[in-house]
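The following exercises ask the reader to work from a chain and its coordinates towards a short structural description. Each task is followed by a solution in steps.

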Amino acid sequence: MAAQEPVTSPDQHAKTPVKAARIAGVVVIVMLLLMLAGNHRGNVENIWLILVAGILAAIMIIDAVLRRNGLRDE
């Protein structure tokens with residue numbers, strides 16, 4: 001049975017730094033929204049920036065709700 005187990009290193013079993021990931025997500029969302037004040041004329045870029053920032057925010061909100069309800073590990 002031991003021959004079927006995958007070979008992993010100890011650092012692969014470390015916990016994910018959740019707080020750092022949340023901070024990075026907020027920083028990325030803010031940076032995307034700051035790009036709205038660029039030198040472009042069309043609205044296609046604005047739509048994409050807002051859409052991507054909204055998707056990231058939705059992912060972070062869903063993750064927070066799942067963690068609060070105990071449906072996801074820290």
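**Exercise 1. Proline 10 and glutamine 12**

Where is proline 10 found with respect to α1? Classify proline 10 by accessibility, and then treat glutamine 12 likewise.

*Solution.* The model is a predicted one.

Step 1. Proline 10 belongs to the segment before α1. Glutamine 12 also lies in the segment before α1.

Step 2. The cut-off for exposed is over 50% relative accessible area. Proline 10 has 71% relative accessibility, so it counts as exposed. Glutamine 12 has a relative accessible area of 53% and is therefore exposed.

Step 3. Add the C-alpha distances. Proline 10 and alanine 37 are 27 residues apart along the chain, and their C-alpha atoms are separated by 45 Å. For glutamine 12 and valine 27, 15 residues apart in sequence, the C-alpha to C-alpha distance is 26 Å.

**Exercise 2. Three residues of α2**

Determine the accessibility class of asparagine 46, leucine 51 and valine 52, and state what asparagine 46 touches.

*Solution.*

Step 1. Helix α2 covers residues 44–68, and asparagine 46 has its place there. Leucine 51 is in helix α2, and valine 52 is in helix α2.

Step 2. Buried means under 20% relative accessible area, and partly exposed lies between that value and 50%. Asparagine 46 is buried because its relative accessible area is 19%. Leucine 51, at 43% relative accessibility, counts as partly exposed. Valine 52, at 34%, also counts as partly exposed.

Step 3. Leaving aside residues up to four places away in sequence, asparagine 46 touches Leu36 and His40.

Step 4. Relate the helix residues to earlier parts of the chain. The C-alpha atoms of leucine 51 and leucine 32 are 9.8 Å apart, with their positions 19 residues apart along the chain. For valine 52 and arginine 22, 30 residues apart along the chain, the C-alpha separation is 16 Å.

**Exercise 3. The largest pocket**

Which residues line the largest pocket, and which helices each supply at least two of them?

*Solution.*

Step 1. Recall the principle: rolling a probe the size of a water molecule over the atoms shows where empty space is left.

Step 2. The volume of the largest pocket is about 160 Å³.

Step 3. Its lining consists of Thr16, Val18, Ala21, Arg22, Gly25, Ile59, Met60, Asp63 and Arg67.

Step 4. Assign the lining to elements. Both α1 (18–34) and α2 supply at least two residues each.

Step 5. Sort the lining by class: four residues are nonpolar, two are polar and three are charged.

**Exercise 4. The chain as a whole**

What is the radius of gyration of the protein chain, and what value would a compact globule of 74 residues have?

*Solution.*

Step 1. Count the elements: the protein chain has two helices and zero strands.

Step 2. The protein chain has a radius of gyration of 18 Å, whereas a compact globule of 74 residues would be near 11 Å.

Step 3. Set this beside the extents. The C-alpha trace spans about 60 × 30 × 20 Å along its principal axes.

Step 4. Turn to the surface. Of the 74 residues in the protein chain, 12% are buried; asparagine 46, from Exercise 2, is buried. The protein chain exposes about 6,400 Å², and carbon and sulfur atoms supply 66% of this area.

Notes:
Residues are numbered from 1 along each chain as its sequence is written. This is a predicted model: local features need pLDDT of at least 70, side-chain atom pairs count only at pLDDT 80 or more; totals for chains, interfaces and linings use all residues. Side-chain values use heavy atoms; hydrogens and water are left out. Helices (H or I, at least four residues) and strands (E, at least two) are DSSP runs, numbered from the N terminus. Buried means under 20% relative accessible area, exposed over 50%, partly exposed in between (1.4 Å probe, protein chains only). Contact means heavy atoms within 4.5 Å. On a 1 Å grid over the protein atoms alone, a cavity is a set of points where a 1.4 Å probe fits but cannot get out, and a pocket is an open set with protein on both sides within 12 Å along at least five of seven lines; lining residues have an atom within 4 Å of a point. Grid points are joined across faces, edges and corners, and a volume is the space filled by probe spheres set on the points. Ala, Val, Leu, Ile, Met, Phe, Trp, Tyr, Cys and Pro count as nonpolar, Asp, Glu, Lys and Arg as charged, and the others, Gly among them, as polar. The radius of gyration is taken over C-alpha atoms; the globule rule is 2.2 Å times the number of residues to the power 0.38. Accessible areas come from the Shrake-Rupley method with a 1.4 Å probe; for residues, only the protein chains shown count as cover.
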